[in-house]
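Please read this note with the sequence and the structure open beside it. Each numbered point may be checked in turn.

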Amino acid sequence: MRRVRATLAPTWAVASIPVYSIVLAFAVAAIVVIVSSAFTETGFDPLLPLKAYGSLFAGAFGSGNGIANTLVAAAPLMFGGLAVGLGLKAGLFNIGVAGQFLVGAFAAAVTGSSLANAPTIVGAPLAILAGAAAGAAYGFIPGYLKARTGAHEVVTTIMLNNAAVLLLTWAVNDLVRAPGFSFPRTGDIGQSALPILAGRNLHLGIAFAVSSIFVIRWVLDRTTLGFEIRTVGANPNAARYAGMRPVFITALTMTLSGLLAGLAGAIQMLGVIGFYAPGITASVGFDSIAVALLGRSDPIGILFAAVLFGAFRAGAPLMQIETSVPIEVIDIIQALVILFLAADLVVRRVFRVRAPKVEITEMATVTGSWGGTPPASAAR
Amino acid sequence: MDLLAIPRLIWELVRYLFEVLPDLLPIILALATPLALGALCGVLCERSGVVNIGIEGIMLMAAFFGYLTGFTLHDTLGTPVAVSLGIGVAVLTGAVLGLLHAWLTVSVRADQIIAGTMMNIAAFGVTGYLNRLIITPSGRGGAGVIQPFHLPEQLASLPLIGPILAMFLDQGPIAMSVIIFVLVTQLALFRTRWGLRTRAVGEHPKAADTVGINVFRQRYMNVIAGCAIAGLAGAYLTLESTGSFQNGMTGGRGFIALAAVIFGRWTPIGSFLGALLFGTATALGIVVNVHPAAGDLGGLMKSIPTFWYAALPYLITIVILAGVVGRSTPPAADGIPYAKEGKT
C-alpha cells in the first residue's frame with residue numbers, strides 16, 4: 001500500500017491542480033445552471049445540474065455507441081492538443097490550430113475527392129499527407145516570421161485563422177466547387193475515407209491519434225530535437241549559448257505544430273465529415289488549447305484531457321435533449337477549467353493543496369516575447 | 001502601352017473612389033465603429049502593460065447583455081429608455097469583465113494570453129447558453145435600435161456641407177461619439193498626468209513604482225476603463241447597428257481591433273486610422289458589387305473576390321508585424337506581470 005502511494009505521489013503532485021480545477025469548474029457551472037433554470041418555463045430546479053451531468057455522462061460513456069462517439073470526438077483533440085502542447089514546450093503559443101485544422105481538412109477533402117474512385121490504400125494516405133503538408137505550411141508562416149522578425153505568433157496565428165476562413169470560403173466557391181449541389185462544397189471523398197475499424201464510426205484515425213501521442217512523447221523525451229525544443233522553450237538565450245539554433249527550432253516547432261493540427265483536420269475530414277463546406281466550424285481550435293493547458297502540455301496528460309473533452313462533446317447532445325440544458329454549458333465548463341488553471345491560487349485555497357507549484361514555465365517565454373524580440377536578435 | 005496602364009488604372013481608381021464616396025463612407029463608418037472602440041480598449045490595456053486578446057469575448061458578452069436588457073424592458077419602458085439602459089448594461093458588463101481580466105493578470109499574475117483566451121471561450125459559451133435558454137424560446141425578437149436623427153430638409157439640401165452632415169448624423173450616437181473618444185484618449189494619454197503614469201507603468205513598471213506610482217492601481221484602472229469601451233463596441237453591434245443578437249456575432253471584430261492597435265503603433269489616433277483602413281477594405285468589397293466600376297478597372301476589381309477584400313485586414317497586419325512596412329514596437333513591459341521586489 002505504501003509502495004502504491006509512493007509511486008502515485010509524484011503523479012498526483014502534477015495532476016492534483018488539473019483534477020481539482022475540473023471539479024471546481026463543474027461546481028460553478030452547476031450554480032450557473034441552477035440560477036438560469038429560474039428563467040425558463042420549467043422553473044427553478046436545484047437538482048437540474050445532477051440530471052444534466054447524469055445525461056452528459058450517460059451520453060458519453062453509457063453505451064457502446066456513446067463510447068465510440070467519445071473516442072471519435074477525442075481523436076482530433078489529441079492531435080490539436082499535441083499541436084498546442086508541442087508549441088508550448090518551445091515557448092510558442094499556437095492559437096492558430098483552428099486555421100491549420102481548416103486548411104488541413106480542406107486539403108484532405110480536395111485530395112480525397114479527386115481520388116474518390118481510387119483504392120483506399122492509395123487515396124486515404126495521400127489525402128492525409130496533403131492535410132499534414134497544408135497544416136505544416138500554414139504553421140510554417142508564423143514560425144518563420146517569429147524566428148526571423150519577432151512578429152508574435154499569437155497575433156499572426158489569430159490573423160491567419162480569420163484569413164483561412166475567408167480564403168477557404170472563396171476557394172470552395174470559386175475554385176473547387178463540386179457541381180450538382182445547391183450550396184458550395186467540395187466533392188465527396190468516396191473511397192478515400194478512412195476505414196471503419198469497429199462499430200458504426202470507430203475509424204482508423206483514432207488509432208493513429210493515440211499512437212501519435214506516444215511518438216511525440218518519444219520525440220520530446222528521447223531525441224536531440226526534443227531536448228532542443230524544450231531548451232529553447234525554457235531559455236532561448238541559454239539554448240543559443242549552448243550551440244543550439246533557436247531560429248531554426250522556433251520555425252521547425254511551429255511547422256510541426258501546424259502539421260499536427262493539419263492532421264487533426266485531415267482525420268476529421270476523412271473519418272467523419274466527408275466533404276468540405278464553408279460552414280464547418282473548428283471548435284477543435286479552442287478545445288485544443290484547453291486540452292493542452294489541462295494536460296500541462298505533457299503528451300500523456302493531453303491524452304486524458306482529450307478523452308475528457310471528447311466525452312463532453314459526445315455527451316452534450318443527449319444532455320440537451322433530456323434536460324434542455326443548452327450544449328453551450330460545455331464551453332462554460334471549458335472556460336472555467338482554464339480560469340482555475342490560470343488562477344490556481346483559488347484552487348489551492350479551496351482544496352488546501354500543499355503540492356509544490358507545477359507551472360508550464362515556458363509560458364513565460366510566450367508572453368515575455370510580446371514585445372517582439374526575435375529569438376535570434378542577439379545573434380544577428 | 002504597358003507603362004501607361006498602371007497610372008491610368010490608379011487614376012481610374014481615384015475617380016471611381018470619388019464617385020462611390022457617398023455610398024462608401026457610411027459603410028466605412030459603420031464597419032469601423034466597433035473596430036475603433038475595440039482598438040481603444042487594446043491601446044488602454046497594452047499601454048499600461050497588460051495584453052488583452054479577450055477583446056472579442058468582452059465585446060460579445062457586452063453585446064449580449066446589452067441586448068438582453070433592451071429585449072426585456074422594450075415592451076414596458078419603450079424603445080429609447082430600454083436601449084439607453086441596454087447600452088449602460090453593456091458598458092457595465094465590459095467593466096466587470098475588465099475587473100476580472102485585471103484581477104487575473106495584475107493580482108494573480110496569471111498568464112495574460114491564457115486569461116484572454118479564457119475570456120473568448122467563456123463569452124462564446126455564456127452568450128450561446130443564455131441565448132438558447134432565454135431568447136430563442138421566447139420567440140420574440142428585436143430590442144429596437146436607436147432611431148438616427150434626421151436632418152431638417154433645408155439643412156440637408158445645402159450643397160457640400162448638407163450631405164456630409166446628414167451622413168454623420170445618420171450614424172447614431174455611439175458611432176458619432178467614436179471620434180470624441182479617440183481624441184480624448186489621445187490627449188489624455190500624451191498630455192495628462194494620468195497618461196504619463198500609464199505609459200510609465202507600461203514601459204518600466206519598476207521605475208514607476210520607485211517614484212511612487214501605484215502600478216497595480218494604474219493597471220486596474222486602465223484595463224477596466226478599456227474594457228468598458230469594448231463593452232460600448234458590443235452595444236453598438238446589437239443596439240445601434242442590428243437590433244438583434246446572433247451567436248458569435250462579433251465575427252472576429254475583436255481580433256481586427258487588435259490588429260488596428262498594432263497598425264496604429266499603440267496610439268489612439270493611429271489605431272483609429274487603422275480601424276478606418278480595415279473598414280474601408282471590407283466596405284470596398286461590398287460597394288464593388290453594388291456599383292461596379294467601368295472599364296478595365298471594373299474588370300480588375302470584379303475579378304478580386306469579396307472574400308479577398310474581407311481578408312485584407314488580416315494579411316496587412318501580418319505584413320506590418322513582419323516589419324516590411326516599418327517596425328511597430330509595443331510598450332516595453334507589455335505582457336509582463338509586475339511583482340514588487342521581495343514579494344513572490
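The points below treat conventions, chain B, the contact between the chains, and the nonpolar core.

1. This is a predicted model, in which local features need pLDDT of at least 70 and side-chain atom pairs count only at pLDDT 80 or more, while totals for chains, interfaces and linings use all residues. Residues are numbered from 1 along each chain as its sequence is written, and chains are lettered from A and ligands numbered from 1 in the order in which they are written.

2. Chain B contains 14 helices and 0 strands (DSSP runs numbered from the N terminus: helices are H or I with at least four residues, strands are E with at least two). Of its 344 residues, 52% are buried, that is, 20 or more other C-beta atoms, placed from the backbone, lie within 10 Å of the residue's own.

3. Among contacts in chain B with a separation of 6 or more, 80% join residues 24 or more positions apart. Two residues are in contact if their C-beta atoms, placed from the backbone, lie within 7 Å.

4. The contact between the chains involves 41 residues of chain A and 46 residues of chain B. On the side of chain A that touches chain B, helix 6 of chain A provides the largest share, 12 residues.

5. The largest nonpolar core (buried Ala, Val, Leu, Ile, Met, Phe, Trp, Tyr and Cys residues joined through C-beta atoms within 7 Å) has 227 residues. Helix 10 (residues 246–273) of chain A contributes the most to this core, 15 residues. A:Met78 is one of the residues with the most contacts inside the core; its partners include A:Ala209, A:Ile302 and A:Ala306.

Conventions: A residue is buried if 20 or more other C-beta atoms lie within 10 Å of its own, exposed if 12 or fewer, and partly exposed in between; C-beta atoms are placed from the backbone. Lists of a residue's contacts leave out its neighbours within four places in sequence.
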